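Please find below some short notes on this entry, set out as numbered points. They take up a metal site and then the strands beside it in the discussion.

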Amino acid sequence: MKLILLGAPGAGKGTVAKLLTKIDGSVQISTGDILRGAVNAGTDLGKEAKAYMDAGDLVPDSLIMGIMEERLQEDDCKNGFLLDGFPRTIPQAEALDVLLDKIGAKLDFVVNLDVPRDVIYDRLTTRRTCENPECQAIYNVKSMPSKVEGICDKCGSKTVQRADETVEAISKRLDTYDEMTAPLADFYDKKGQLFTVVATSSDKVVEEVTKKLGIA
Ligand code: ADP
Ligand code: ZN
């Protein structure tokens, strides 16, 4: 499957993507994970991206498109991909159209995860992320705690609150989403590619997406 997952921070894009990869071996491509990996590894890309990310601002389109040009042409994308956190601006969406054309890939559709704002706010403030850049497993202190508090079940590293998950940075990210990314729903709707799902449970989303793909 070739899908874009669109939705506010905390809408569950990552969780849904992970569930979908298990179905047909499509790869999850999370620009957030790639960028955090680069920050932790201290690469030039990471150094350039860090200040934007910590402030809850978007990283410049040119950096993101550079990452995606390379990533989408790797071999593991041939079977399918789930774009999680990309595109995030109209210029990124337009550049993605050109890139998909160039590599001869065609999207199935764009999943728009619709989640009430109070649910999102609650999810983000209680989210914890494994600090190991190779792992980045996600937990929730209320709904999905790790077995040992503060320790990742999968790799034993520390789980931490992300720098951009303070109350101020969360408000900023949600504002940034409304301003820069929410218009993408309209962009894809006009092209007849939008599939909106009320995303209160990830399992429900997966069920609806697989039904729409005809593989349920
Ligand atoms: P979330 O969806 O939970 O906000 P992500 O992990 O997708 O978080 O992204 C974290 C941060 O990485 C964003 O706040 C932004 O600074 C940066 N980022 C990720 N993807 C993009 C993108 N496509 N364009 C610009 N910045 C991005
Ligand atoms: Zn881990």
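1. The zinc ion (ligand 2) has as protein donors the SG atoms of C130, C135, C152 and C155, at 2.3 to 2.4 Å. Donors here are N, O and S atoms within 2.8 Å of the metal (3.2 Å for Na, K and Ca); water is not among the atoms, so sites may look incomplete. Along the chain the donors are spaced C-x4-C-x16-C-x2-C.

2. This is a predicted model, in which local features need pLDDT of at least 70, side-chain atom pairs count only at pLDDT 80 or more, and totals for chains, interfaces and linings use all residues. Residues are numbered from 1 along each chain as its sequence is written, chains are lettered from A and ligands numbered from 1 in the order written, and side-chain values use heavy atoms, with hydrogens and water left out.

3. The arrangement around the zinc ion (ligand 2) is tetrahedral because its four donor atoms subtend angles of 97 to 115 degrees (for four donors, all angles must lie between 85 and 135 degrees).

4. C130 is buried at 3% relative accessible area, while C135 is partly exposed at 23%. Buried means under 20%, exposed over 50%, and partly exposed in between (1.4 Å probe, protein chains only).

5. Three strands form an open antiparallel sheet in the order β6-β5-β7. β6 (138-140) and β7 (159-160) are at the edges with a single partner strand each, so one side of each lacks a neighbour in the sheet. Strands are DSSP runs of E, at least two residues, numbered from the N terminus; two strands pair if DSSP finds at least two bridges between them.

6. β5 (residues 127-130) is joined to β7 by two bridges, with T129 opposite V160. Three bridges link β5 and β6, and R128 has Y139 in β6 as its bridge partner.

Key:
Helices (H or I, at least four residues) and strands (E, at least two) are DSSP runs, numbered from the N terminus. Four donors count as tetrahedral if all angles lie between 85 and 135 degrees; four count as square planar and six as octahedral if opposite donors are over 155 degrees apart and all others between 65 and 115; anything else is irregular.
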